[in-house]
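Welcome! Open your viewer, get comfortable, and follow the stops below.

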Amino acid sequence: MSKIPSQSDLILAHFKKYPMQELHHEDWIDEVTKQVQELTGKIPRDLWRATRKLHADGKLKKIRKGVYMYDPDYVHNPELEDFTEEQKQKILERDAYQCVVCGRGKKDGVEIQVDHIKPKSKGGKATIENGQTLCGEHNYRKKNYNQTETGKKMFIRLYELAKTEGDTKLLEFIEDVMDVYEKHGINGHIVWDDDEQE
């Protein structure tokens with residue numbers, strides 16, 4: 001009896017049929033969903049997670065949000081982008097063995113982790129300049145929301161607080177920050193409408 005291919009196998013097989021072509025979600029999701037249903041009798045879950053894992057494993061190139069490509073000549077070894085023990089030590093020493101976000105560290109009984117500022121999955125390299133120290137809590141948050149998303153959400157919450165407290169100086173500052181997000185087209189999926197905020 002032959003092994004049933006995994007969701008990842010089916011996704012990769014689909015991309016391999018279209019080498020060097022940028023494929024968006026709607027270009028493959030229906031076909032792979034149908035294949036999984038035919039093979040297992042179940043509706044597939046987390047196809048996006050499987051796609052992101054294929055990218056993290058170096059099997060697909062991420063072109064931009066939601067768009068991936070299979071390049072047969074693409075050689076990617078994530079292990080080459082892990083920090084060496086020597087690099088970790090230098091980063092820990094530079095950042096004083098504490099989280100660069102909250103300042104907690106070993107002295108507070110908090111475990112400190114060495115993290116890529118620009119994630120490996122987005123091309124971040126294992127360089128001391130691309131390293132930072134984070135506590136477990138802030139490393140977890142970063143993994144679930146990229147830093148610009150986290151920042152934008154924080155500014156939106158801060159805007160609400162400044163409105164409540166009548167802090168016009170802070171309101172003007174946050175409006176300027178949000179204009180920069182808009183100008184550069186960063187995190188447009190997080191809706192900021194200053195008219196709605198009034």
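Before the first stop, a few terms: axes are lines fitted to C-alpha atoms, for helices over the stretch in contact, and angles run from 0 to 180 degrees between N-to-C directions. Helices (H or I, at least four residues) and strands (E, at least two) are DSSP runs numbered from the N terminus. You are looking at a predicted model, in which local features need pLDDT of at least 70, side-chain atom pairs count only at pLDDT 80 or more, and totals for chains, interfaces and linings use all residues. Residues are numbered from 1 along each chain as its sequence is written, and side-chain values use heavy atoms, with hydrogens and water left out.

**Stop one: H2 and H3**

Select residues 25-40, helix H2, and residues 47-56, helix H3: their axes come within 11 Å and cross at roughly 115°. Now show the side chains in contact (heavy atoms within 4.5 Å). From H2 you should pick His25, Trp28, Ile29, Val32 and Thr33, and from H3 Leu47, Trp48 and Thr51. By class, five of these residues are nonpolar, three are polar and none is charged. Here Ala, Val, Leu, Ile, Met, Phe, Trp, Tyr, Cys and Pro count as nonpolar, Asp, Glu, Lys and Arg as charged, and the others, Gly among them, as polar.

**Stop two: H1 and H3**

Keep H3 and add helix H1, residues 7-16; these two axes come within 9 Å and cross at roughly 70°. H1 and H3 are therefore roughly perpendicular (65 to 115 degrees). On the H1 side, Gln7, Ser8, Ile11 and Leu12 meet Leu47, Ala50, Thr51 and Leu54 of H3.

**Stop three: aromatic rings**

How many aromatic pairs does a search of the whole structure find? There are four. Rings of Phe, Tyr and Trp (its six-membered ring) pair if their centres lie within 6.5 Å; planes under 30 degrees apart count as stacked, over 60 as edge-to-face and the rest as tilted.

Select Trp48 and Tyr68, a tilted pair with 6.1 Å centre to centre and 45° between the planes. Trp48 lies in H3 and Tyr68 in strand S3 (residues 67-69), so the pair ties together parts 20 residues apart in sequence. Tyr68 is buried, at 2% relative accessible area, while Trp48 is partly exposed, at 25%. Buried means under 20%, exposed over 50%, and partly exposed in between (1.4 Å probe, protein chains only). Add Phe15 and Trp28 to see the cluster that ring pairs form with Trp48 and Tyr68.

**Last stop: Phe155 and Phe173**

Phe155 and Phe173 form an edge-to-face pair, 6.2 Å centre to centre with 65° between the planes.

Note on methods. Parallel < 35°, antiparallel > 145°, perpendicular 65-115°, else oblique.
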